[in-house]
Amino acid sequence: MTRTGEGRDARAVGRSVPRVDGAEKVTGRAAYVTDCVVPGMLHAALLRSPLPHARIRRIDAGRAATHPGVSAVVTGADLVQMPGLDPYFGPAFQDQAILAIDKVRFVGDPVAAVAAATREAAREAAQLIEVEYEELSAVLDVQAALRAGAPLVHERLRPSQAFADLMGIEAERQTNVCYHFKLRRGDVERAFAEAAHVFEDTYTSPAAQHAPLEPHVTVAWVTEGGLLHVTSSTQSPSYVRLSLARIFGLPLSKVRVTVPYLGGGYGAKTYDKLEPVTALLALRTRRPVKLQLTREEEFVTIHKHAVTTRIRTGVAADGRLLAREVAVYWDSGAYADIAPRVVHKSGYTAAGPYAIPNVKIDSYCVYTNRPPAGAFRGFGVPQVVWAYESQTDAIATRLGLDPVAYRRAHLLREGDLFATGTPMRSLAVIECLDAVAREIEWGSGLAGSSPPAPEVREAGVPRRVLRGKGVAVGIKAALAPSISGATVMLNADGSASVLSSTVEMGQGSDTLLAQIVAEALGVRVPDVQVVHPDTAVTPYDTITAATRSTFHMGNAVLQAAARVREQLFAIASDRLEVDPDLLRARDGRVFVAEAEDRGLTIPEVFGAAFQAAGTTLVGEAVYQTSAIPTDHETGQSERVTVMWFVGASAAEVEVDLETGQVRVLRFATAADVGRPINPHHCRQQILGSAVTSIGQTLFECLHFEGGQLTNGSFLDYMIAGYRDVPPIITPIIVERAHPEGPYGAKGVGETGALSVAAAIGNAVHAALGVRLRDLPLTPERVLQAMREREPARAARRGQVERGPG
Amino acid sequence: MGFDLLEPRTVAEAVELHARDGNAVFLAGGTALLILQRQGLPLPRRLISLRGIPGLDEITAGPGGGLRIGALATLRQVERHPLVVRRVPLLAEALRQVANVRVRHTATLGGNLAHGDYRLDPPAPLLVLGAQVRAVGIGGEREIALAAFFRGLFETALQPGEVVTELAIPPTPPSGGTYLKYALSSNDWPCVGAAALVALDDHGRCREVRLALTAVAAAPVLVRGLDELARGEPVSDRLAARLADIAAAQVEPVGDQRGSEWYKREMARVFARRALLAAARRAEAGPVGDGTKEPVA
């Protein structure tokens, strides 16, 4: 491990300072969009499609329009008649209409919107809208969507122009595949022919819900000067501004997007969701309008991709990985949302962080008549890690090799080429693996299995169980190219303001940015105020997602603060008659490095420059990372990202042999965070990711029947609760400073989510000798797998249960 | 959606209000009703709230060691009541496992039973405790054995306009009891719930065995025909397994996302056996019931 940074000078950075928003949040005073009330505000409700795929023949909104309290009813047919309105939106393809035009594509597709005096009146009126549908045959899963002659979810597609990395994408014509990522490296077929062993498996990972505490909510209104003000629960205020400006034909200056605290996002609140329809209603009624989803609507708005991964690996007799061929099928639902980027970014990591000379990857983004899938913490990587880390484990086990040692031997090292041809750097994956293995005392038993468990007794009743240990690693690349702008204002009293479009969604960005500014300017963390996103004043930022804010916004803020510091030092150097390079800032003072008592307080520096109170020094910066686009045919790029982030997990599980239920007894998860700005927050992020992922590994799954979601509420869809958290769970920080990171930091938002499922699956295999390939690992699946594998033994067990003894 | 909330002060008045509007619905804790509303079922225009009726949530000692529990007592009130904890710890143990503490503070025991959902926890312990439901309708009052109360999916023996007012739990013989809730995650409904009560004679042999299962049929199941096999026998692993086979043969699981029909039947067998053994161990350790002290938990 290497360390860089400021050494003993680092006082605000590198310390677990308390959250700047902590007291406000735990006392319930923090305001969220749902608390936003604008005088004269109307409430909106949506009528949604009951069918997965149908042509809209006729809509009669007459009864709704005359319902008491109703101000406006809008349908897709109205949209096409509005002059200057482009009714389609979407970050990759502009494939989603504000309200369905001509046809509906999933159960839950918004068909009409109502604005009324109360939420109840709006909902009642929405139910009075009569829609006549002509049902079309639907494609309800990926297999159906890929069949020759399958009905098309979209007949034509229009790429969006919002992001550089997505500008080149082209949809395949007359199929439901809206994007196909290809990676070709080496000669896979020849390598397979030379391989001593070939492993081929199919792994699946189901659709799952983000379940943020706060549902999607947007308030829109038009203020003086024709300014469209939208306050919204979004992770991407800058993108939403751009999208609204385009939809409504407004200059960017006439769209103001503000985001207060966000009540959790996890990717669900990226790109446009409710903003276009809410803004439309506000413009139509010239009244403020609020739209807030119910939990049930939340379930059909966005989810984590259901994925099927076919993975084939050729291995030499000595265990070297010769070739890997991966085909990944992503069920993206009815609208692409950001799916093509998921398919691309996760696609090129689908062979894993291993030294494999021959790689072939095909990653397919497939439209189906299901609710849309999009970004979810990890951005598709956990689904492909589930496949490649389960199979890597199977390879080690089959060859009789220790899974940890096997991985260590074949993991990429500094300077090695990734499957994309990108040289790896700042990659502490082996250190992460070693850390988690140590934490669960790996090595006490062959191939990860624990010593046979003693009989477990509960309430005096014996239970027969087996225990096992498993590990997994994961890798993800930071989004590139990407851009963060920031403004830092230092006030005459030594307090500072940060203008940034990074959304504080619970991850701790307010505290982190305050720490960076406090460190750079030598002021106190509590005196730094981070101004929440307001596109009227906060500069462009690509998005608060993708584990990018610490690195990108951190750098932007650091550079902006450095520009303030330059001005501060320039003034002070005049007054102190010393070269500015010799000056330092700390404890609210500017002083000479080798003569600390020679200095000025910040108010004294301001006094020297300005003859007025309350003045400011302002610094601005835009931090931009670049990348070389992957080649269309080979997926190769010398620089696919600027930053890799890697992690590892280790689990010890206990499986009940009669029920199949898996209990995680011990769990450790490590993330290479670079140099942590706030170690405690890093550990919390790692822990939070792990707990969420444990729920997704063991029981979370969205069930569909005929395109209809059947467990779309918290009655029937469970997320991990406190009592589902393993009794021992340890988040571990691994530090490999990034040369370009702010103070060496990388980021940590997703790292803890990458490898959880595979570690648990591998532990189950170690316990039972049975490999499960479908998530979640429900007890029924585990029991079934045990019985299918060894029917004879199961039958004997059955007799033991019933027979004497 | 708008509705009228009627707030009678007596049970007779409540029943009378329903007689005037047969579409009205009785409201107790409201947790189930709220769920139905959120699932898109239209709420009735008229709700008859039972919450303002004095005395309907009282918990009192019954004759000879039994208990009377007012229908409007919340699950939490019942769970924490000293009489319940002392006389029927099995019930307190089961209620502790229902949903979460916020729901338990709102949901009522009477409402829980009247709802007739197949996957609720409280019916299982109440079935093995031999509870009687007291119901009042326009025609008067009657008692219904809980064993005859559950008829099918969301179907109970209650007549339209009848309201549950009280639950009577008769004295239990000195025995050990347990409720095992088997769920896929900590906040979930049960995949299977199993309640068992085992009474032993002085030689540690079975005097009486009672077992009820929930979530494994359209209605909670009180397993029949166990005593014939068990009476006079020590509760061995073998006996428990044979009794569990009898139980598994009496369930008719409807597959849901918590388990297929096959899996639920298998789990009915597993948890029937575990519950019987656990109840027997408690009976051996120190039975509760008439004139006995609190159990060893």
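This is a short conversation about a predicted model, told through its sheets, cavities and a few backbone details.

Visitor: How do you know that β16 and β17 of chain A are paired?
Guide: Two strands pair if at least two bridges are found between them. Strand β16 (residues 306-315) and strand β17 (residues 321-333) of chain A are joined by 10 bridges. So they count as paired. They run antiparallel. Within this pair, Arg310(A) stands opposite Ala327(A).

Visitor: What sheet do these strands belong to, and what is its order?
Guide: An open sheet of 5 strands in chain A, in the order β9-β18-β17-β16-β10. Its pairing is mixed.

Visitor: What makes β9 and β10 of chain A edge strands?
Guide: β9 (177-185) and β10 (197-205) each have a single partner strand, so one side of each has no neighbour in the sheet. The average turn between neighbouring strands here is 5°, direction ignored.

Visitor: Which helix lies across this sheet?
Guide: Helix α11 (residues 381-398) of chain A. It lies across β10, β16 and β17, at about 145° to β10(A).

Visitor: How do you know that β11 and β12 of chain A pair?
Guide: The rule again asks for at least two bridges. Strand β11 (residues 217-223) and strand β12 (residues 227-232) of chain A have 6 bridges. They therefore pair, in the antiparallel sense. Thr223(A) stands opposite Leu227(A) in β12(A).

Visitor: Which sheet contains β11 and β12 of chain A?
Guide: An open sheet of 7 strands, ordered β3-β7-β1-β14-β11-β12-β13 in chain A. The pairing is mixed. At its edges stand β3 (70-75) and β13 (255-258), each with a single partner strand, so one side of each is without a neighbour in the sheet. From one strand to the next, the twist averages 20°.

Visitor: How do you know that helix α4 of chain A packs on that sheet?
Guide: Contact means heavy atoms within 4.5 Å. Helix α4 (residues 119-127) of chain A touches β1, β3, β7 (110-116) and β14 (289-292). So α4(A) is in contact with strands of the sheet, and packs on it. Its direction makes about 30° with that of β1(A). Helix α8 (residues 275-285) of chain A lies across β1, β3, β7, β11, β12 and β14, at about 35° to β11(A).

Visitor: Why is a space called a cavity?
Guide: A 1.4 Å probe fits there but cannot get out, so the space is a cavity. With 30 Å³ or more required, the count is 3 cavities. The largest has a volume of about 240 Å³. The second largest has about 170 Å³.

Visitor: What makes Phe89(A) a lining residue of the largest cavity?
Guide: A lining residue has an atom within 4 Å of a cavity point. Phe89(A) is one of the 18 residues that line the largest cavity, so it meets that cut-off. Phe89(A), Gln96(A), Pro110(A), Lys273(A) and Thr301(A) lie nearest the centre. The lining has 11 nonpolar, 2 polar and 5 charged residues.

Visitor: Which element gives the largest share of the second largest cavity's lining?
Guide: α17(A), with 5 residues. The lining of the second largest cavity holds 18 residues, among them Lys304(A) and Pro382(A). By class, 8 are nonpolar, 7 polar and 3 charged.

Visitor: Which residues lie closest to the centre of the second largest pocket?
Guide: That pocket has a volume of about 1400 Å³. Of its 41 lining residues, Glu296(A), Gln37(B), Arg38(B), Gln39(B) and Gly40(B) are closest to its centre. The largest share of the lining, 6 residues, comes from α4(A).

Visitor: What is the omega of the cis bond from Ala480(A) to Pro481(A)?
Guide: Omega is near 0°. Pro481(A) sits in the loop between β22 (465-477) and β23 (482-491) of chain A. The bond from Leu775(A) to Pro776(A) is also cis, with omega near -10°.

Visitor: How confident is the predictor in chain B?
Guide: The average pLDDT is 94, and 97% of the residues score at least 70. Over residues 291-297 of chain B, though, the pLDDT is below 50.

Technical notes: Residues numbered from 1 in each chain as written. Chains lettered and ligands numbered in written order. Predicted model: local features only at pLDDT ≥ 70, side-chain atom pairs only at ≥ 80, totals over all residues. Heavy atoms only, no water. Helix = DSSP H or I, 4+ residues; strand = E, 2+ residues; numbered from the N terminus. Axes fitted to C-alpha atoms, helices over the stretch in contact; angles between N-to-C directions. pLDDT = per-residue confidence, 0-100. 1 Å grid on protein atoms, 1.4 Å probe; cavity = no way out; pocket = protein on both sides within 12 Å on 5 of 7 lines; lining within 4 Å. Points joined across faces, edges and corners; volume = space filled by probe spheres on them. Nonpolar A, V, L, I, M, F, W, Y, C, P; charged D, E, K, R; others polar.
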